Amino acid sequence: MERETETLKEFLTDLVVPHHRCNVNIIPDHITMLHGTKNKKQHSRKRRAHKSSTLTRREYAQLGLNTLPTRQMRYEQALPLHKLWRGYLREHLELREGDEVPQVHEKRYEEFSKQLVKLDLHGAKLRVVQSKCPTLVGLSGICVLDTKNVLKLLGEDHRVRTVPKSECVFGMHVDSLEFIIFGQHLNMRPAERSVKKIKSYVEPFM
Amino acid sequence: MCLTFIAKYSANVFGTRFIYENNHSFMGNNKGKRKALTQRQVCSRMNFLYQASNLMAHSNNNTLAAYYGKLCRNVGTKALMHMSPALKRTLCKRCSLPLLPGVNTSLKLDQKQEQQQAIPVAAATATATSTTSKRRHRRLRSKRNKGHNQTAAAVQKDAAPSASMDEHARLHLECGLCGSKRRFQVDTQNECWPERSEAIVQVIRLDEQKNADAAEGGVEAAGRVEGGGGTAREQ
């Protein structure tokens with residue numbers, strides 16, 4: 001603050017005719033700085049807060065959060081997740097004991113299938129029933145990761161396998177219920193799935 | 001006592017619910033109903049994801065735990081639904097890993113801060129200390145004093161001389177995955193729920209014969225003394 005008033009004084013005295021300069025008397029109380037040091041301080045604080053709060057994509061990748069090791073996870077570790085998911089499924093679809101999946105001609109079929117698409121698949125036991133790629137058929141496991149185009153299934157041989165969604169038809173078996181899900185319906189980000197509007201009709205690819 | 005507490009804790013971890021407003025159910029029209037339905041389903045999904053992330057954190061699978069935590073947060077932002085703040089704060093601010101001290105995070109006492117404060121206490125209190133954290137803390141304390149005026153005053157009398165060492169100690173919680181820190185200040189005026197008199201509904205003694213001999217001290221005192229052995233406190 002003081003240094004800036006000094007520079008201001010110098011500037012003002014320079015404007016005066018040289019032989020009157022000695023008579024110039026500037027009272028420092030009369031100087032009001034419009035933007036002083038405060039602005040700078042605010043700026044720096046903002047920057048610091050920003051730096052600590054978020055994780056950039058590069059940092060995120062460096063921490064290894066984008067990659068899932070293929071062979072580290074045991075199948076037994078995912079079983080409690082599956083148990084938790086079963087409870088969630090009951091809550092989500094409002095199933096009771098002895099309930100059955102509605103048939104196509106029934107009235108509540110459409111509503112039910114809409115709910116089914118919005119279901120979160122983490123922890124579900126899935127099986128590839130049908131696929132364009134013959135090597136994928138018959139793969140099964142607990143789903144641990146769900147991205148826009150791909151599911152990662154943890155098989156019983158303790159390996160994580162990547163399965164593309166759009167090419168496959170998945171089968172899901174819960175207690176007495178059997179679901180068949182076309183992977184095409186699932187082709188969106190997992191966070192968006194619970195919000196996005198869903199087409200009621202998708203052309204089957206086979 | 002120990003058993004009941006553990007059971008409570010685990011129920012807390014895996015049975016926590018998100019607070020959500022069910023305003024729409026009052027409306028009779030179809031649109032309101034549908035909205036309430038979707039809100040409920042988003043809520044159950046977020047609840048499931050939070051529990052899954054806690055589960056993965058307990059089994060030391062940090063990548064998946066952080067992923068589920070992040071997804072839980074993202075679902076909330078997409079569906080315009082808020083997590084209850086107490087739950088939100090259990091997730092790491094940077095990487096959304098659930099912070100479990102002793103499992104994947106470390107809770108430490110700030111040595112540096114303590115030294116800095118210990119030396120210039122007399123000198124520095126007079127000079128203006130206008131950092132944001134201190135200001136925030138001061139405001140917080142004044143609010144709390146208003147709330148529990150009677151109890152806090154009573155506690156303060158007892159605690160202030162004995163626990164003056166811990167009074168301004170700073171703790172920090174460091175996330176094991178991304179290394180971000182959360183800071184806390186020790187507040188001796190803050191009391192735990194089980195310490196209050198309302199928390200004790202009933203004191204149950206298992207071995208009555210032993211207690212019958214020593215019961216003259218009063219039920220309350222006996223419960224406290226042999227608390228480790230055979231008392232159960234419930235909410």
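**Exercise 1. What percentage of the 206 residues of chain A count as buried?**

Solution. Start with the criterion: a residue is buried if 20 or more other C-beta atoms lie within 10 Å of its own, exposed if 12 or fewer, and partly exposed in between, with C-beta atoms placed from the backbone. Under this criterion, 17% of the 206 residues of chain A count as buried. For chain B, with 235 residues, the figure is 20%.

The model is predicted; local features need pLDDT of at least 70, side-chain atom pairs count only at pLDDT 80 or more, and totals for chains, interfaces and linings use all residues. Residues are numbered from 1 along each chain as its sequence is written, while chains are lettered from A and ligands numbered from 1 in the order in which they are written.

**Exercise 2. Find where in chain A the confidence is lowest and where it is highest.**

Solution. The quantity is pLDDT, the predictor's confidence in each residue, from 0 to 100. Step one is the chain as a whole: chain A averages a pLDDT of 83, and 87% of its residues score at least 70. Step two goes by element, where helices (H or I, at least four residues) and strands (E, at least two) are DSSP runs numbered from the N terminus. The lowest mean, 56, belongs to helix α2 (residues 38-53) of chain A, and the highest, 93, to strand β4 (residues 160-164) of chain A.

**Exercise 3. Describe the length and the burial of helix α1 of chain A.**

Solution. Helix α1 (residues 2-15) of chain A has 14 residues. The expected span is 1.5 Å times one less than the number of residues, which gives 20 Å for α1(A); from first to last C-alpha the helix reaches 21 Å, close to that value. As for burial, α1(A) is hardly covered: zero of its 14 residues are buried.

**Exercise 4. Work out the element order of chain A and the layout of its sheet.**

Solution. Chain A has six helices and six strands. Along the sequence they follow the pattern α-α-α-α-α-β-β-β-β-β-β-α. Strands pair if DSSP finds at least two bridges between them. The six strands form an open, antiparallel sheet in the order β4-β3-β2-β1-β5-β6. β4 and β6 (177-182) of chain A are at the edges with a single partner strand each, so one side of each has no neighbour in the sheet. Neighbouring strands are turned by 40 degrees against each other on average, direction ignored.

At one end of this order, strand β3 (residues 150-154) of chain A and β4(A) pair over five antiparallel bridges. There A:Lys152 stands opposite A:Thr162 in β4(A).

Last, place the helix. Helix α4 (residues 75-93) of chain A lies across β1 (125-131), β2 (140-146), β3 and β5 (168-174) of chain A, at about 80 degrees to β2(A). Axes are lines fitted to C-alpha atoms, for helices over the stretch in contact, and angles run from 0 to 180 degrees between N-to-C directions.

**Exercise 5. Do the same for chain B.**

Solution. Chain B comes to eleven helices and three strands, in the order α-α-α-α-β-α-α-α-α-β-β-α-α-α. The three strands form an open antiparallel sheet, β1-β2-β3. β1 (105-109) and β3 (181-185) of chain B are the edge strands, each pairing on one side only. The twist averages 20 degrees from one strand to the next.

Strand β2 (residues 170-175) of chain B is joined to β3(B) by five antiparallel bridges. The two form a hairpin with five residues between them, and B:Gly179 in the turn has a positive phi of about 80 degrees. One bridge partner pair is B:Glu174 and B:Lys181.

**Exercise 6. Characterise the surroundings of B:His172.**

Solution. B:His172 lies in strand β2 of chain B and stands opposite B:Arg183 in β3(B). It counts as partly exposed because it has 14 C-beta neighbours inside 10 Å. Contact is defined as C-beta atoms, placed from the backbone, within 7 Å. Leaving aside neighbours within four places in sequence, B:His172 is in contact with B:Lys108, B:Asp110, B:Lys181, B:Arg182 and B:Arg183. B:Arg182 is ten residues away from B:His172 in sequence and 5.5 Å away in space, C-alpha to C-alpha.

**Exercise 7. How many residues does each chain bring to the contact between chains A and B?**

Solution. Chain B gives 27 residues and chain A gives 27 residues. On the chain B side, α2 (30-58) and α3 (62-78) each supply at least two residues.

How values were computed:
Two residues are in contact if their C-beta atoms, placed from the backbone, lie within 7 Å.
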